[in-house]
Amino acid sequence: ARGEKAFRNFLETYPVFIVLALLAHLGGGADALTMWGGIVWFAARIVYLPLYIMGVPNIRSLAWFISLLGLAAMFFGVLL
């Protein structure tokens, strides 16, 4: 059940990531900020999944927050 919940949580942020990546690519805003934001988001989500499944609360929250920072970097990269 924890794996399914973690996957549903992933699906909540994945569409935002895809939209930001497409906007960056198609809008010509793909720069270092959007690239690193995407890498940070992806890496943090990879770390988050096993932490969620194992039930590690504090580090899991930190991984989630870092993934949010990655999306924020992508967002600001697209705006700039």
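This tour moves through a helix pair and its aromatic residues, one selection at a time.

The model is predicted, so local features require pLDDT of at least 70 and side-chain atom pairs pLDDT 80 or more, whereas totals for chains, interfaces and linings use all residues. Residues are numbered from 1 along each chain as its sequence is written, and side-chain values use heavy atoms, without hydrogens and water.

Select residues 2-26, helix α1, and residues 32-54, helix α2; helices are DSSP runs of H or I, at least four residues, numbered from the N terminus. The two pack at about 175 degrees, with axes 10 Å apart. That makes α1 roughly antiparallel to α2 (an angle over 145 degrees). Axes are lines fitted to C-alpha atoms over the stretch in contact, and angles run from 0 to 180 degrees between N-to-C directions.

Next, select the contact (heavy atoms within 4.5 Å): residues of α1 including R2, K5, Y14 and F17 meet residues of α2 including W41, R45, Y48 and Y52.

Now display Y48 and Y52, both buried (under 20% relative accessible area, 1.4 Å probe, protein chains only). Their rings form a tilted pair, 5.6 Å centre to centre with 45 degrees between the planes; rings of Phe, Tyr and Trp (its six-membered ring) pair with centres within 6.5 Å, and tilted covers planes neither under 30 degrees apart (stacked) nor over 60 (edge-to-face).

Add R2, which lies over the face of Y52, 4.9 Å from the ring centre. Then add R45, whose charged end sits over the ring of Y48 at 4.7 Å from its centre. For Arg, this requires CZ within 6 Å of the ring centre and within 35 degrees of the ring normal.

Finally, select F7, F10, Y14, F17 and W41, a cluster linked by ring pairs.

Terms used: Angles under 35 degrees count as roughly parallel, over 145 as roughly antiparallel, 65 to 115 as roughly perpendicular and the rest as oblique. Buried means under 20% relative accessible area, exposed over 50%, partly exposed in between (1.4 Å probe, protein chains only).
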